[in-house]
Amino acid sequence: MSLSPKDILNKNKNLNKRIDVDKINLENVTVDDLKFNGKNYSEFINLQSLLENVSACQISDAYNAIYKRSGAIQSIKPVNNHKVWGSIFTAETDCDDWGTSALAIDNAKEGDILFFKVNGEEKAIWGELASTCAQNNGIKATVIYGSARDLDALLYMDYPIFASNFCPNAGSALGLGSLDEPIEVEGMKINPGDFFFGDESGIVVIPKEVFGQVMAQTLLVKMKESGIIKDLSGGKTLAEIVGLK
C-alpha cells in the first residue's frame, strides 16, 4: 500500500507532546480519541494531557456531578497500583475457564482494556502468562470481576491488573465464554467501547455516549482542586475555602 504525503506527515507527529492543564481544549472529544488514528492529533494530545493529570477520584466526581453516578465498582481493586485508561473489550466466562482469557487476548485491539466478568471466584482465569501475552499484543490492562493468580509475578510487572479476588488454582482452557458483548457487574451495565480509568484508588467506568461531557467536567474538577491547593498554600484552611467558616 502506497503512502501519501499526508500519511507521512501524520506518522511524524509528536504523540508525546503534552499541553498545560489550563490550556487543554476538549471540544468535540469522543472515546475514539483515546487512540491516535492519523486524523485526530489535536483531540488525542489534549485528551492524553488531561488523563495523565487526573485521578479515578476526580473522574468519579465529574460523573457524579452530571449524572449522580459514581462509575465505580467497589469490589474491584488495583493489584499492582498502576494508572491506566482506555476503551473496554468485554468478556464473560465461568471461573473454571481460563481459555476465554486466551481468546480475548487474541481478539482485542491494541490499546484496549480487557474487562472480564467471571461467574465465581473459586478459580483464577488470569495470571503471569496471560499478562505477558496481553502486554506483548499491545493490550493496556486487564480488569477481572473474579480471581487472578501469580501475584508473586503480577505485583512486579509493568502491566496493570485489577481484580476482585485472587487464588492459586486455575481451571482449564475451555474457551466457552462470550467476547465483546454487553455485561453487567454489580448492577452496572458495561458495553464494549465504554471508557475505563483505574489507579491506586480503584476503577471507574464511563459509558461511551457521555464520555465527552464527563471529560469536560473532569477538567473543571481538576482546575477547581488546583485552585483549592493554591489557596491552602496561601494559608487558608479547607473549612474556610468550602465556606464552613
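**Note on the predicted model: overall fold, helix H4 and the nonpolar cores**

1. Of the 245 residues in the protein, 44% count as buried. The coordinates are those of a predicted model, and the points below should be read with that in mind.

2. On secondary structure, the protein comes to eight helices and eleven strands. Contacts in the protein with a separation of 6 or more are accounted for to 73% by residues 24 or more positions apart along the chain.

3. On overall dimensions, a compact globule with 245 residues would have a radius of gyration near 18 Å, and the 20 Å of the protein agrees with this. Taken along the principal axes, the box that the C-alpha atoms fill is roughly 60 × 60 × 30 Å.

4. On the surface and the charges, the protein exposes about 12,700 Å², of which carbon and sulfur atoms supply 49%. There are 24 positive and 33 negative charges, and the mean positions of these two sets are 8 Å apart.

5. Helix H4 spans residues 99-107 and includes Ala102. The buried residues of this helix are Gly99, Thr100, Ser101, Ala104 and Ile105, whereas Ala102 has a relative accessible area of 34% and is therefore partly exposed, since that value falls between the 20% and 50% cut-offs. The cover over the buried residues of H4 includes strand S2 (84-94), strand S3 (113-119), strand S4 (124-126), helix H5 (128-136) and strand S7 (178-179). As for Ala102 itself, its C-alpha atom is separated by 8.6 Å from that of Cys133, a residue 31 residues apart from Ala102 along the chain.

6. In soluble globular proteins, nonpolar side chains tend to be buried together. In this model the largest nonpolar core has 25 residues, and the members that touch the most others are Leu51, Ile59, Phe195 and Met215. At least two residues of this core are supplied by each of helix H2 (41-51), helix H3 (56-67), strand S10 (195-199), strand S11 (202-206) and helix H7 (211-233), and the largest share, five residues, comes from H7.

7. Met215 merits a separate look: once its neighbours within four places in sequence are left aside, Met215 is in contact with Leu26, Leu47, Leu50, Leu51, Ile59 and Phe195. Apart from the core to which Met215 belongs lies another core, of 22 residues, and among them are Ile125, Trp126, Ile139 and Ala163.

Key. Residues are numbered from 1 along each chain as its sequence is written. This is a predicted model: local features need pLDDT of at least 70, side-chain atom pairs count only at pLDDT 80 or more; totals for chains, interfaces and linings use all residues. Side-chain values use heavy atoms; hydrogens and water are left out. Helices (H or I, at least four residues) and strands (E, at least two) are DSSP runs, numbered from the N terminus. The radius of gyration is taken over C-alpha atoms; the globule rule is 2.2 Å times the number of residues to the power 0.38. Buried means under 20% relative accessible area, exposed over 50%, partly exposed in between (1.4 Å probe, protein chains only). Contact means heavy atoms within 4.5 Å. Accessible areas come from the Shrake-Rupley method with a 1.4 Å probe; for residues, only the protein chains shown count as cover. Lys and Arg count as positive and Asp and Glu as negative; His and the chain ends are not counted. The place of a charge is taken as NZ of Lys, CZ of Arg, CG of Asp or CD of Glu. A nonpolar core is a set of buried Ala, Val, Leu, Ile, Met, Phe, Trp, Tyr and Cys residues joined through side-chain atoms within 4.5 Å.
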